[in-house]
Structures are given as C-alpha cells and as structure tokens.
Amino acid sequence: MRWEIGKLLYERKLDSKHGDSVVKRLSGDLKAAYPKMGMSVTNLWDMKRYYVRFRESSPKLRHAVGVLPWWNINNASSG
C-alpha cells in the first residue's frame, strides 16, 4: 500500500508547495480508514520519496527493499 501511495503522489505531481492541502486531506481519510497504519502527513511525503528513490530499480531490488522498514531507507537517503 505504501508503494502505491508514493506512486500516486508522484504521478499527481504533488509537492509540499502545491499539494500540501491534498496530502493533509488524504492523511485524514487514510487515518480514518486505517487507524493503526501511521498515515501522517510526514509519512505520506516519506512514501513519495521512497517511491521516487526506487521507482527505476529492478523489481528484484524493489522486492528486497520492500521488506525493510521503509522509513529507515528514506532517512538514510536524505542525510
């Protein structure tokens, strides 16, 4: 699900300047539907960064990375 959300945000060309209100609304809707999944605004932006980083990778690498905690991968790539 996180991959698909990241892809959606990327494909809709949402960024913090032009998509913040959309992501805030999406976060609220997802929190209501999935209260235990951590769908904060920050996490949604992290999902987009995760998708952008690995979208051109081989399916094998994406699968391997997909079993790792995605937020750790994002934090390692930004610093």
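Tyrosine 50 sits at 7% relative accessibility in this predicted model, so it counts as buried. Its neighbour in sequence, tyrosine 51, comes out at 9% and therefore counts as buried too. Tryptophan 3, on the other hand, has 25% relative accessibility, so it falls into the partly exposed class, given that buried requires under 20%.

These residues meet through their rings. The model holds 4 aromatic pairs. One of them joins tryptophan 3 and tyrosine 50 in an edge-to-face arrangement, with 6.2 Å from centre to centre and 85° between the planes. That contact bridges distant parts of the chain: tryptophan 3 belongs to helix α1 (residues 2–11) and tyrosine 50 to helix α3 (residues 41–54), 47 residues apart. Tryptophan 3 also pairs edge-to-face with tyrosine 51, this time at 4.8 Å centre to centre and with 65° between the planes. Because tryptophan 3 lies in helix α1 and tyrosine 51 in helix α3, this pair ties together parts 48 residues apart in sequence. Zooming out a little, Trp3, Tyr50 and Tyr51 join Tyr10 and Phe54 in one aromatic cluster.

As for how far to trust the picture, the chain averages a pLDDT of 82, and 86% of the residues score at least 70. Confidence is not even along the chain, though: among its elements, helix α2 (residues 20–33) has the highest mean pLDDT, 92, while helix α5 (residues 70–78) has the lowest, 57. Where pLDDT is low, predicted coordinates are not something to read in detail.

Conventions:
Residues are numbered from 1 along each chain as its sequence is written. This is a predicted model: local features need pLDDT of at least 70, side-chain atom pairs count only at pLDDT 80 or more; totals for chains, interfaces and linings use all residues. Side-chain values use heavy atoms; hydrogens and water are left out. pLDDT is the predictor's confidence in each residue, from 0 to 100. Helices (H or I, at least four residues) and strands (E, at least two) are DSSP runs, numbered from the N terminus. Rings of Phe, Tyr and Trp (its six-membered ring) pair if their centres lie within 6.5 Å; planes under 30 degrees apart count as stacked, over 60 as edge-to-face and the rest as tilted. Buried means under 20% relative accessible area, exposed over 50%, partly exposed in between (1.4 Å probe, protein chains only).
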